[in-house]
Amino acid sequence: MAQHVILISIGSNIERERYTRQSVVALKQHFSNVTVSSVYESEAVGFNGNPFYNLVARAETDMSVDDVCNILKTIEKENGRVHSAKKFCARTLDLDLLTFDDRVINEPVVLPRDEITFNAFVLWPLAELVPNDIHPVTKQSYAQMWQAFDKQKQQLWPIDFTWS
């Protein structure tokens with residue numbers, strides 16, 4: 001079966017070190033060739049809350065978009081995420097499918113995700129992990145997009161994160 005390249009954003013602001021680690025372990029159980037960006041710390045966006053840890057993972061899969069989304073929701077739930085909570089709130093784990101190959105789709109999710117273009121905590125890790133990959137809509141590389149991004153809008157710091 002064809003291998004699809006997927007990019008996934010990972011965020012946590014509750015027991016963030018624990019859940020950041022567990023998310024990558026879980027992704028490696030479901031997908032192949034998982035690589036991750038550095039971990040960044042960012043202020044909560046859209047609500048007052050503890051700072052987040054954010055990163056992006058690149059992986060390969062032969063699953064459909066639907067199946068990938070279901071796996072991500074399952075991983076979130078297994079790690080204490082409450083999906084009935086309001087959109088902007090503290091969370092143990094937030095996993096969002098950012099891209100699926102270079103497809104532009106609206107169902108079952110909108111891809112590529114809009115957050116890529118307006119959230120530093122998504123774009124900077126993407127620009128680090130896959131700098132030369134081309135955004136399917138803007139037709140720019142993630143490195144070019146990050147270079148042009150207004151970095152005063154959102155504060156973000158790379159942190160020293162030990163995986164072992």
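## Aromatic rings and their surroundings

Tyr-40, Trp-124, Trp-146 and Phe-149 come together as one aromatic cluster. Keep in mind as you look at it that this is a predicted model. The cluster makes a good place to begin, and we can work outwards from there.

How many aromatic pairs does the model hold? The count comes to five. One of them joins Tyr-53 and Phe-161, with 5.9 Å from centre to centre and 85° between the planes, an edge-to-face arrangement. Tyr-53 belongs to strand β4 (residues 52-61), while Phe-161 sits in the segment after β6 (156-158), so this pair ties together parts that are 108 residues apart in sequence. Both partners are covered: Tyr-53 is buried with a relative accessible area of 10%, and Phe-161 counts as buried at 11%.

Back in the cluster, how are the rings of Trp-146 and Phe-149 arranged? Their centres are 5.4 Å apart and their planes meet at 20°; planes under 30 degrees apart count as stacked, so this pair is stacked. Trp-146 is buried, with a relative accessible area of 13%, and Phe-149 is buried too, at 9%. Trp-146 has a further companion, since Lys-151 lies over the face of its ring, 4.6 Å from the ring centre.

From here, follow the contacts of Trp-146 and Phe-149 to Leu-123. This leucine is placed in helix α4 (residues 120-129) and is buried, with a relative accessible area of 1%. Which residues does Leu-123 touch, leaving aside its neighbours within four places in sequence? They are Ile-116, Tyr-142, Met-145, Trp-146 and Phe-149, and the last two are members of the aromatic cluster. Leu-123 also has Ala-143 at a C-alpha to C-alpha distance of 8.6 Å, although 20 residues separate the two in sequence.

Helix α4 deserves a look as a whole. Eight of its ten residues are buried, so the helix is mostly covered. The buried residues are Ala-120, Phe-121, Val-122, Leu-123, Pro-125, Leu-126, Ala-127 and Leu-129. As you trace the helix, it helps to recall that an α-helix has 3.6 residues a turn, so residues three or four places apart point the same way.

The helix also leads us to Ser-37, in the loop between β2 (32-36) and β3 (40-42). Is Ser-37 buried or exposed? At 3% relative accessibility, Ser-37 counts as buried. Setting aside neighbours within four places in sequence, Ser-37 is in contact with Leu-55, Val-56, Pro-125, Glu-128 and Leu-129. Of these partners, Pro-125 and Leu-129 are among the buried residues of α4.

Strand β4, where we met Tyr-53, is also home to Glu-60. This acidic side chain makes a friendly last stop. Glu-60 counts as buried at 18% relative accessibility, because buried means under 20% relative accessible area. Which side chains make polar contacts with that of Glu-60? Asn-33 is one, joined to Glu-60 by a polar contact of 2.9 Å between side chains; the side chain of Arg-58 is another, at 3.2 Å. Beyond its neighbours within four places in sequence, Glu-60 is in contact with Gln-3, His-4, Val-5, Phe-31, Ser-32 and Asn-33. Asn-33 therefore appears in both descriptions of Glu-60, as a polar partner and as a contact.

How values were computed:
Residues numbered from 1 in each chain as written. Predicted model: local features only at pLDDT ≥ 70, side-chain atom pairs only at ≥ 80, totals over all residues. Heavy atoms only, no water. Phe/Tyr/Trp six-rings, centres within 6.5 Å; stacked < 30°, edge-to-face > 60°. Helix = DSSP H or I, 4+ residues; strand = E, 2+ residues; numbered from the N terminus. Buried < 20%, exposed > 50% of the residue type's maximum accessible area, 1.4 Å probe, protein only. Lys NZ or Arg CZ within 6 Å of the ring centre and 35° of its normal. Contact = heavy atoms within 4.5 Å. Polar contact = N/O pair within 3.5 Å; in protein donor to acceptor, adjacent residues only side chain to side chain.
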